[in-house]
Amino acid sequence: MNTYYTTADTPAGAFTMIVDADETVLASGWTSDVRELTVLARLSGTPEHREQLGVPSKALESYVDGDLTAIDAVPVRQAGGEFIAHAWEVLREVRAGEPVTYTEFAALAGRPAAVRAAAMACARNAAALFVPCHRILRLDGTLGGFRWGLPVKRWLLDHEAI
């Protein structure tokens, strides 16, 4: 499989994404180290660098510029079990500016008692932003964890609260 990557500057820091030849996002996050993403997404080989990645790059730019729905239609492909794959689909339905708790997320995913499994789906998400796990909060409304750091999560939530 041919894969490509680019790194863009965002107000929250360097953002790297890896896509396939069809511009489907395989991995993304706030890092300039593409190897970190290839390991996270369990990809083999080294992606080829490109300045732009078509639709995903345009969506990122539009999102940063204030079009918070620009990321919604970007295709994403991740490998995961049945519940985690479903949970990632549900994450894509959580609207910008309307974060939910891990408990609410578990219920939305159809397994209200599986709060830890829902949190694990967030932790295993390799396609940050496009699968917006940053929109999930602790029961008390605090940020909780985020692979790319709480300052990035805070920036994203503040940006989406516009």
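1. In this predicted model, arginine 50 lies over the face of tyrosine 4, at 3.7 Å from the ring centre. A second arrangement of this kind involves arginine 111, which lies over the face of phenylalanine 83 at 4.6 Å from the ring centre.

2. Strand S1, which covers residues 3-10, pairs with S2 in the antiparallel sense, and the pairing runs over eight bridges. One of the positions to look for is threonine 3, whose bridge partner in S2 is aspartate 20. S1 and S2 form a hairpin, with two residues between them.

3. S2 also pairs with strand S3 (residues 25-29), to which it is joined by four bridges, and here too the two strands run antiparallel. Methionine 17 stands opposite serine 28 in S3. These two strands form a hairpin with four residues between them, and in that turn glutamate 23 has a positive phi of about 65°.

4. Why can S2 be called largely enclosed by the rest of the structure? The strand spans residues 13-20, and six of its eight residues are buried, so the surrounding structure largely encloses it. The cut-off behind this reasoning is that a buried residue has under 20% relative accessible area.

5. A search of the whole structure for aromatic pairs finds three of them. In one of these pairs, the rings of phenylalanine 15 and phenylalanine 130 have their centres 6.3 Å apart and their planes at 55°, so the pair is tilted. The pair links distant parts of the chain, since phenylalanine 15 belongs to strand S2 while phenylalanine 130 sits in the loop between helix H5 (115-123) and strand S6 (136-137), 115 residues apart. Both phenylalanine 15 and phenylalanine 130 are buried. Ring pairs also connect Phe15, Trp30, Phe130 and Phe146 into a cluster.

6. How many cavities of 30 Å³ or more does the structure contain? The count comes to one, and about 30 Å³ of space lies in the largest cavity. Its lining is made by Thr10, Ala12, Trp30, Leu60, Tyr63, Val64, Leu129, Trp155 and Leu156. The elements that give two or more residues to this lining are helix H2 (55-64) and helix H6 (150-160), and H2 gives the most, with three residues.

7. A reader may also ask which classes of residue line the largest cavity. The lining has eight nonpolar residues and one polar residue, with no charged residues. Trp30 is worth finding in the structure, as this residue is among those lining the largest cavity and also belongs to the aromatic cluster.

Terms used: Residues numbered from 1 in each chain as written. Predicted model: local features only at pLDDT ≥ 70, side-chain atom pairs only at ≥ 80, totals over all residues. Heavy atoms only, no water. 1 Å grid on protein atoms, 1.4 Å probe; cavity = no way out; pocket = protein on both sides within 12 Å on 5 of 7 lines; lining within 4 Å. Points joined across faces, edges and corners; volume = space filled by probe spheres on them. Nonpolar A, V, L, I, M, F, W, Y, C, P; charged D, E, K, R; others polar. Buried < 20%, exposed > 50% of the residue type's maximum accessible area, 1.4 Å probe, protein only. Pairing = 2+ DSSP bridges. Phe/Tyr/Trp six-rings, centres within 6.5 Å; stacked < 30°, edge-to-face > 60°. Lys NZ or Arg CZ within 6 Å of the ring centre and 35° of its normal.
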